[in-house]
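Please open the structure in your viewer and keep the selection tool at hand. The stops below say what to select next and what is there.

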Amino acid sequence: MLGIVPGGLPAPSQAEAPRPDSLQAILEDYRSLAVGREGVPVRDREMMLGGMDVTLTAGWIYPITTRAGVKAGLLFEGEGRFTYRADDPVEGRLLESSLERRNLLDLYHEGIFADRFDQVLVVSSFDPANGDWGTTKAVADGHGEDIGLSDSSPARQTKYLARAMEWESIDQVLATADMNGGKYLKASFSGGTMDLEHEWDEAELFLSSLSVWDPREGGYRALTAARRGGDDRGEPAMARLLDARLEVATADNRSGSIVSELTCSITREGVHVLPFQLVSHRNPRARGPASDERVLYLRRVTDDQGRALEFAHRLGRVLVRLPAAPARGATVRLRFECEGDVFAVKGREDRSFSFDWFSWYPEPVAPDPGLFTYTLDVRTRAPVVAVAPGEVRSSRQSGNVRELEVAARVPKRWVPLLAGAYHTREFLAGITPVRVHLLREDDDLLSRMAKHAGFFLDFFADRLGAYREEALDIVEVPRDRTPFDGLGASGMVLLKPHVLKRLEAGTALGEEILAHEVAHQWFGMDAFVISDEDAWLYQSAAEYFAGMATGALLKDETGRKHASEIRARWWRDARKSAGAGSIEGASLHTGPKGMPQRERLLLDRGPLVLHMLRGIAGDENFFAILRRFLARAAEDGRGTTDLLQSVAGEVLGQDMGWFFDQWVRHGGIPRIHIEYRIQPRVDGGFLLEGRSEQPADDTFKKMYIPIDLEMDDGSHERSTIIQDRPVTEFRIERRAGLRRIRVDPDHVTLALYSTGKD
Ligand SMILES: [Zn+2]
């Protein structure tokens, strides 16, 4: 007996009329924002809208209020100007490069971005004008006529707000800010050079961002984002997940129940309401973010004494109201009971399901949900079996019910759960079980993949330090899941069918994708939290090590040939990234149009940058740098470019700031001209003298330029020119004759070389 109640009815708490101070009532109040029809004229009014200094030169402001009359923002129409200051150097660089890419650089000067606007709509958890609305008396003075009053706009904007509420969870954010303390503001500017949105969050995630409306892509695209420190209020999270007991049961692999018992630690003072992410529905045909098809219903939330707690679940978010605000550092235990037909999303034949790219259990809203241990018990209908990362405690069948129990003692940040009619093969790579799960019966492919994955695990462990997960599960996922070829979670690799086809055919690219995902076990999103500007570290490093491991797997001549093909690909595609800005700004290339540039920065330029570091450091030091970096990142729970830079500096005994500045924090590819002269010597040797030149502007980069000397006897010798200023002279002498010289023939440096001989 699975104990599943067929779903469909709304939770009883939603059917009753809410008490005025209930969570439901507060949310509904914030969902009924309206723009007041009574405007107040303003002239030369200065105000702060989040991180923006705003001058309302001349125009009208209208209050935005909730139904209960709480001020929740304003609408301004008229003439205005804003100034945005990027205080942090990273933010400044990102802002500058994203404005440059959009040809908006004339609005930017030394960290300050300014423009005009003729309308701004502000929604906030507080009154941004501090109650200082002026008096309507000014209208009687006749200012209204000078300024020009558009009386249709408040009604139009009220409709706009109502529409926005259907799409966004602003009501939940405002209610959370209101009940937990802290300020939240979102301002939409229009009428300037472009439409902008500014979000200022000092209530939930302590984050501020500036986005621009992109008409080609029909959405806002980030120009910059920055952390706003929480200071004494606590972390940019209200809770961290410490442990989860998850129970999933389905009798038909389509609908069923999900029960999550979460132990969370409270990381802030004064938390009355805890926000979680939890999927609301999985209807791919839904026009909006809400749907009444394939819904996950949250039926009950209880505390550790079994008391029912007030909650609200909408648009992928749950708010849970705690009976009293726990002290910072306290532990709370919450139980969530959900049910619905959110298992299989498509097709009636394929009863497999995959909980791999959304919050299928409640995750605390936070930039970092925290590392947690878990147990997971899944009951499916045979032949569908479940797969999840961790130690398999039991896997059995009784009647047509398949049950899997796994436990994760090594803490993880995320639990992917896949289920299907899998064929599984388990191998031991040293002491680590490697399990391959395919939706096809192919013994040859199963054993080959397990063997190769084991090879990659050993290869990476030798260079990067021991593998720390309980096991490695490699799972085939249906075509329509996860947006990528594959995905590397902690202890698990997900691969799509087209990658398996490549592996079946024995292509190097198939092996490379497998190696890349296995490399994410070290350079993983799950292993340490990575901010956007540090995202290159896990993508570029996984790609770099995947190339190296694939070369080693293919062995000898084939392996060497493959390794040089990979380098040639990085070099060729990285050259196309010359105008794409810096690697740290890669995530600013959003949407389908930004994808190729993002990939060039992360998967071509990034690996080549790591290869240059290896060229400078030498193999032994290079691997020592990465081992120390990964150990330190695991300790701090955070791997950043700054950390890699300081570790590289420690290992190499010199400040490596220049390297990361020029290759990670700035874009561009240097043009280098090498002019040289060869003089034969009486002893049969030669003297090579020359100069390496780069333009003396901000495109200059310090370079270690490899020179290949092909000697008369056909042997090759290596020399390196270190160019540390725009014009560097060099001199190379040998006792043997020289046939020819070549500059960086293996494409191991990112530069455009030209040579001249006199
Ligand atoms: Zn990746």
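A crossing of two helices is called left-handed if the near helix is turned anticlockwise from the far one by less than a right angle, and right-handed if it is turned clockwise. With that in mind, and remembering that this is a predicted model, begin with a pair of helices.

**Helix 12 and helix 13**

Select residues 556-575, which form helix 12, together with residues 591-617, which form helix 13; their axes come within 8 Å and cross at roughly 120°. That angle makes helix 12 oblique to helix 13, and the crossing of helix 12 and helix 13 is left-handed. To see the contact itself, show the side chains of Arg567, Arg569, Trp570, Trp571, Asp573 and Ala574 on helix 12, and those of Arg600, Leu603, Asp604, Arg605, Pro607, Leu608 and His611 on helix 13. Sorted by class, this contact of helix 12 with helix 13 holds 6 nonpolar, 1 polar and 6 charged residues.

Before leaving helix 12, select Asp556, which lies in that helix. Phi of Asp556 is near 45°, a positive value in a residue other than glycine, and Asp556 is exposed, with a relative accessible area of 58%.

**Helix 11 and helix 14**

Next, select residues 536-554 for helix 11 and residues 619-636 for helix 14, whose axes come within 14 Å and cross at roughly 135°. Helix 11 and helix 14 are therefore oblique to each other, and their crossing is left-handed. Which residues of helix 11 meet helix 14? They are Leu537, Tyr544, Phe545 and Met548, and on helix 14 they meet Phe622, Phe623, Leu626 and Phe629. By class, the contact of helix 11 with helix 14 has 8 nonpolar residues, with no polar and no charged ones.

**The zinc ion**

Now select the zinc ion and look for the atoms that coordinate it: NE2 of His516, NE2 of His520 and OE1 of Gln539, at 2.0 to 2.2 Å. Along the chain, the donors of the zinc ion follow the spacing H-x3-H-x18-Q. Are the two histidines buried or exposed? Both His516 and His520 are buried.

**Helix 16**

Move on to residues 657-665, helix 16, where 8 of the 9 residues are buried, so that this helix is largely enclosed by the rest of the structure. The buried residues to select are Gly657, Trp658, Phe659, Phe660, Gln662, Trp663, Val664 and Arg665. With these shown, add their surroundings, since the buried residues of helix 16 pack against helix 3 (89-101), helix 11, helix 13, helix 15 (641-652) and strand 32 (703-711).

**Around strand 21**

Select Ala386, which is found in strand 21, residues 385-387. At 11% relative accessibility, Ala386 counts as buried, and, leaving aside residues up to four places away in sequence, Ala386 touches Val378, Thr380, Leu404, Leu417, Leu418 and Ala419. For a sense of distance, add Val609: Ala386 and Val609 are 223 residues apart in sequence and 40 Å apart in space, C-alpha to C-alpha. Then select Pro383, in the loop between strand 20 (372-381) and strand 21, where a cis peptide bond joins Ala382 and Pro383, with omega about 10°.

**Asp44**

For the last stop, select Asp44, which lies in strand 2, residues 40-49. Phi of Asp44 is near 45°, again a positive value in a residue other than glycine, and Asp44 is exposed, with a relative accessible area of 54%.

Definitions and conventions: Residues numbered from 1 in each chain as written. Predicted model: local features only at pLDDT ≥ 70, side-chain atom pairs only at ≥ 80, totals over all residues. Heavy atoms only, no water. Donors = N, O, S within 2.8 Å, 3.2 Å for Na, K, Ca; no water. Buried < 20%, exposed > 50% of the residue type's maximum accessible area, 1.4 Å probe, protein only. Axes fitted to C-alpha atoms, helices over the stretch in contact; angles between N-to-C directions. Helix = DSSP H or I, 4+ residues; strand = E, 2+ residues; numbered from the N terminus. Parallel < 35°, antiparallel > 145°, perpendicular 65-115°, else oblique. Contact = heavy atoms within 4.5 Å. Nonpolar A, V, L, I, M, F, W, Y, C, P; charged D, E, K, R; others polar.
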